[in-house]
Amino acid sequence: MSNAETRPVETRCGAADGDGSGPRPPVEVLTPRDVPLGGPRAMTVRRTLPQRSRTMIGAWCFADHYGPDDVSRTGGMDVAPHPHTGLQTVSWLFSGEIEHRDSLGSHAYVRPGELNLMTGGHGISHSEVSTARTTVLHGVQLWVALPAEHRDTARDFQHHIPAPVAVGGAEIRVFLGALAGTASPVRTFTPLLGAEIVLAPGASLTLPVDPRFEHGLLVDRGTVRLGGTGLRPAELAYVHPGRDTLDLVNGSDGPARLVLLGGTPFEEEIVMWWNFVRRSHDEIVQAREDWMKGTRFGEVQGYEGSPLPAPELPNAPLKPRGSKR
């Protein structure tokens, strides 16, 4: 999915920018902001990454949570061809269906419980349109920053259907990395974790995790406690590295659905603007110029309509800085 804001703000993130002073809470709760995508009938997403207090979790640098969205009212999703560079996009649905086309020639569908991962690398473009079969659109769109040595890797597209794994009162689908004795075969460029967890009503779960990782727990539905901290739907809990278990409790009368993200701290500095992840202002300027000239990112075949134009760059130079730890 594109960051379809017409005036995207500069996001500078990567290595630590704080002084590390003061006690750290065991769980930080990040609240989302609403971002409308497109015109007056376009759907609104809830964005929890990036934000001022935390811009990354591992290499995860962008998290949009949307729906349940009645497409008869909003018109659903129709994102014209747009570019990506220096990142991977991760599409994960709870309901609905999205048609994906990209400049690699991929023509695929995003469906509930199925992972679509696209690697932008040096440059790729794609479109995303909810299908006529879709009545309710509901899911998450995530981005992963590529490390410097791979930021210009070749474009790629991967599809994977993870099998559900039963653990206590939970059902887990691991779409990236390894958890609960199962692992995803999908290639990433830094150590990552991505999983959907559905907790039964009233269930408790102690989940072993990699202590090298920092973790984020996004609540889709239900009232959940993570290590004693209460979380509401659309909130994202952050846990620093060093924990080897996560204690989850579903306090709801119905199932709770969560998305668990994790990764080793991303120590590099990056600049993220619009749909680009680069290392400097000049690299962002070049990527924008290449898109507007119709070079580098390729063409999307089969989409009826014009590509998205790039927004205007801000007046001040874009400067990289670190993600608060």
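**Exercise 1. Find the partners of strand β4, and name a facing residue pair on each side.**

Start with β3 (residues 33–36): this strand pairs with β4 (residues 44–49) in the antiparallel sense, over 4 bridges. Strands here are DSSP runs of E with at least two residues, helices are runs of H or I with at least four, and both are numbered from the N terminus. Two strands pair if DSSP finds at least two bridges between them.

Next, pick a residue pair: V35 has V45 of β4 as its bridge partner.

Then look at β5 (residues 60–70), which pairs with β4, again antiparallel, over 4 bridges. Here R46 stands opposite H65 of β5.

Before going on, a word on the model: it is predicted, so local features need pLDDT of at least 70 and side-chain atom pairs count only at pLDDT 80 or more, while totals for chains, interfaces and linings use all residues. Residues are numbered from 1 along each chain as its sequence is written, and side-chain values use heavy atoms, with hydrogens and water left out.

**Exercise 2. Locate the cis peptide bonds at P50 and P68.**

Step one: the bond joining L49 and P50 is cis, with omega about -5 degrees. P50 sits in the loop between β4 and β5.

Step two: G67 and P68 are also joined by a cis peptide bond, with omega about 0 degrees. This time the proline is inside a strand, as P68 belongs to β5.

For background, most residues other than glycine have a negative phi, and most peptide bonds are trans.

**Exercise 3. Work out the strand order of the open sheet of 7 strands, and say which strands stand at its edges.**

First, read off the order: β2-β23-β20-β25-β18-β15-β14, with antiparallel pairing. The edges belong to β2 (28–30) and β14 (165–167); each has a single partner strand, so one side of each lacks a neighbour in the sheet. From one strand to the next, the twist averages 25 degrees, an angle between lines fitted to C-alpha atoms, taken from 0 to 180 degrees between N-to-C directions.

Now zoom in on one pairing: β15 (residues 170–176) and β18 (residues 192–199) run antiparallel and are joined by 6 bridges. One of the facing pairs is A170 with L199 of β18.

**Exercise 4. Describe the nonpolar cores and the strands that feed the largest one.**

The largest nonpolar core has 33 residues, and W60, C61, V90, L115, F175 and L176 have the most contacts inside it. Such a core is a set of buried Ala, Val, Leu, Ile, Met, Phe, Trp, Tyr and Cys residues joined through side-chain atoms within 4.5 Å. Buried means under 20% relative accessible area, exposed over 50%, and partly exposed in between, with a 1.4 Å probe and protein chains only.

Who supplies it? At least two residues each come from β5, β7, β10 (115–119), β12 (136–145), β15, β23 (236–239), β25 (256–263) and β26 (270–273). The most comes from β12, with 5 residues. A second, separate core has 26 residues, including L179, V209, F213 and V239.

**Exercise 5. Is T89 buried or exposed, and what does T89 touch?**

Place T89 first: this residue is in strand β7 (residues 87–95). T89 has a relative accessible area of 3%, so it is buried. Skipping neighbours within four places in sequence, its contacts (heavy atoms within 4.5 Å) are H84, N116, L117, M118, Q141, L142 and W143.

**Exercise 6. Check the length of helix α2 and find its buried side.**

Length first: at 1.5 Å a residue, the 13 residues of α2 should span 18 Å, and the end C-alpha atoms are 18 Å apart, which agrees. The expected span is 1.5 Å times one less than the number of residues.

Now the buried residues: I284, A287, R288, D290 and W291. They cover an arc of only 160 degrees around the axis, so they lie on the same side of α2; the arc is that of the directions from the helix axis to the C-beta atoms. On the other side, D282 and K293 are exposed. The cover over the buried residues includes β6 (78–84), β11 (124–130), β26 and β27.

Finally, look past the end: G294 follows α2 and has a positive phi, near 80 degrees.
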